[in-house]
Amino acid sequence: METTTIEAATHQLPQAIEPRNPGMDLDLDWVRAVQVNTSAVERRAATLPGRRSVKKDYQAAWLCRAISLIDLTTLSGDDTEGRVKRLCAKAKQPVNPALLADLDLPDLTTGAICVYHDMIETAVQALEGTGIPVAAVSTGFPAGLSPFHLRVEEIRQSVAAGASEIDIVITRRHVLQGNWQALYDEMKAFREACGDAHVKAILATGELGTLRNVARASLVCMMAGADFIKTSTGKESVNATLPVSLTMIRAIRDYYDRTGYRVGYKPAGGISKAKDALVYLALMKDELGDRWLQPDLFRFGASSLLGDIERQLEHHLTGRYSAGYRHAMG
Ligand SMILES: O=C[C@H](O)COP(=O)(O)O
């Protein structure tokens, strides 16, 4: 990211939507051959936060990019229509426009908002005409253990209510028992129920035991047609981590090398600091390249990240202005 200017970073906001991942037949040999060198992945992950991969001058630009990649989320048992309307207002105008005046970003919005099924209609109404997608968590989120036909029906109802993105949760048991056919069939049924809506597969990686399970589950979900793979519901005791991210991102790269289809990545749960967001962006850029820094291929699932980004932006931008002011006044 060192050579990226503010203009280059901020003017690469939403572009062409990638064709949806059509999936492929389940290739069990490929799945069983997957190996992950856990200690190598953990060593590499440990070096990431320390790297100063974004120069200070460019941080504001990359923080704006991060905003455009957030699925701004509320997934609480006490969600109300009022809270969802406030969330949508925030998605439409994520930061004080005065802060962005010099950056020429009048249309900066979050990537999407993410809510429970019950709140879809409220969100769709609040976002009407903005083009900001509504993502819904369906399939008995977060455990995904309600009867299968009800999970499929929940997807259909979420799509009918206006969600254009569906975040499904997989049955962790299929992974823990190595029942790849069952996972593939489940994901394929969810994919079909989504129709034209994009589907993100939540692996709940904190409950999958090993990084090899994470890699295998990632591949199987992509083979079954997932448009995104997502780490966590935000409700597990361990949510998005860098080793898990490296593992999933490399599975995405393997799938792309084999099929030519780009699948998106959504780390979610516990990402609440602007500096962590920058680490994730640097990681995506290093491992998959610029194309995966667009909202159709990368999202943060986060409820409180935007607040910290706002604070950091204020710090960077007002700092820059006051330095310029001092310079101008001699
Ligand atoms: O999918 C999104 C997550 O539930 C958000 O988790 P968070 O509240 O820890 O940011």
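1. Let me start with Leu28, since that residue is a handy way in. Leu28 counts as partly exposed because 13 C-beta neighbours sit inside 10 Å, and the cut-off for exposed is 12 or fewer. Its place is in helix α2, residues 28–33. If you want a feel for the span of the fold, look across to Gly131: the two are 103 residues apart in sequence, and their C-alpha atoms lie 39 Å apart in space. Bear in mind throughout that this is a predicted model.

2. Now the overall picture. The chain has 14 helices and eight strands, and 48% of its 330 residues count as buried. Take the contacts between residues at least 6 apart in sequence: 79% of them join residues at least 24 apart.

3. What surrounds the ligand? The shell consists of Thr73, Leu75, Cys114, Thr233, Gly234, Ala268, Gly269, Gly270, Gly301, Ala302, Ser303 and Ser304. Sorted by class, that makes four nonpolar residues, eight polar ones and no charged ones.

4. Helix α5 is worth a slow look. It runs over residues 81–92, 12 residues in all, and reaches 17 Å from its first C-alpha to its last, close to the 16 Å expected at 1.5 Å a residue. Its buried residues are Val84, Leu87, Cys88 and Ala91. Viewed down the axis of α5, these buried residues fall within an arc of 100°, so they line one face of the helix. The spacing fits a general rule: an α-helix has 3.6 residues a turn, so residues three or four places apart point the same way. On the other side of α5, Gly82 and Ala89 are exposed. As for what covers the buried residues, the cover includes β1 (70–73), β2 (112–116) and α7 (120–126).

5. Just beyond that helix comes Gln93, in the loop between α5 and α6 (97–100). Buried or exposed, what is Gln93? It counts as exposed, because 12 C-beta neighbours lie inside 10 Å. Gln93 and Val41 are another far-flung pair to try in the viewer: 52 residues apart in sequence and 38 Å apart in space, C-alpha to C-alpha.

6. Compare α5 with helix α11. The α11 helix has 13 residues and reaches 18 Å from its first C-alpha to its last, close to the 18 Å expected at 1.5 Å a residue. Of those 13 residues, 12 are buried, so α11 is largely enclosed by the rest of the structure. The buried set includes Asn213, Arg216 and Ser218 alongside Leu211, Val214 and Leu219. Just after α11, Gly225 takes a positive phi of about 105°.

7. The same helix matters for the core. The largest nonpolar core holds 98 residues, and Ile113, Ala201, Val220 and Ile229 touch the most other members. Which helix gives the most to this core? That is α11 (residues 211–223), with nine residues. For context, nonpolar side chains in soluble globular proteins tend to be buried together. Val220 is a good residue to click on: setting aside its neighbours within four places in sequence, Val220 is in contact with Leu26, Val31, Trp180, Leu183, Tyr184 and Met187.

8. A few backbone oddities deserve a check. As background, most residues other than glycine have a negative phi, and most peptide bonds are trans. Here a cis peptide bond joins Phe141 and Pro142, with omega about 0°. Pro142 is in the loop between β3 (134–137) and α8 (148–160). Thr139 is also found in the loop between β3 and α8. Thr139 is not a glycine, yet has a positive phi of about 60°. Thr139 counts as buried because it has 30 C-beta neighbours inside 10 Å.

9. Ala204 is another non-glycine with a positive phi, in this case about 55°. You will find Ala204 in the loop between β5 (198–202) and α11. With 26 C-beta neighbours inside 10 Å, Ala204 counts as buried.

10. Last stop: Ser158, in helix α8. Why is Ser158 called buried? Because 29 other C-beta atoms lie within 10 Å. Leaving aside neighbours within four places in sequence, Ser158 is in contact with His117, Ile120, Ala136, Ser138, Ala163 and Ile166. Ile120 is 38 residues from Ser158 along the chain, and their C-alpha atoms are separated by 7.3 Å.

How values were computed: Residues numbered from 1 in each chain as written. Predicted model: local features only at pLDDT ≥ 70, side-chain atom pairs only at ≥ 80, totals over all residues. Near = placed C-beta within 6 Å. Nonpolar A, V, L, I, M, F, W, Y, C, P; charged D, E, K, R; others polar. Helix = DSSP H or I, 4+ residues; strand = E, 2+ residues; numbered from the N terminus. Expected span 1.5 Å × (residues − 1). Buried ≥ 20, exposed ≤ 12 C-beta atoms within 10 Å, placed from the backbone. Arc of directions from axis to C-beta. Contact = placed C-beta atoms within 7 Å. Core = buried A, V, L, I, M, F, W, Y, C linked by C-beta atoms within 7 Å.
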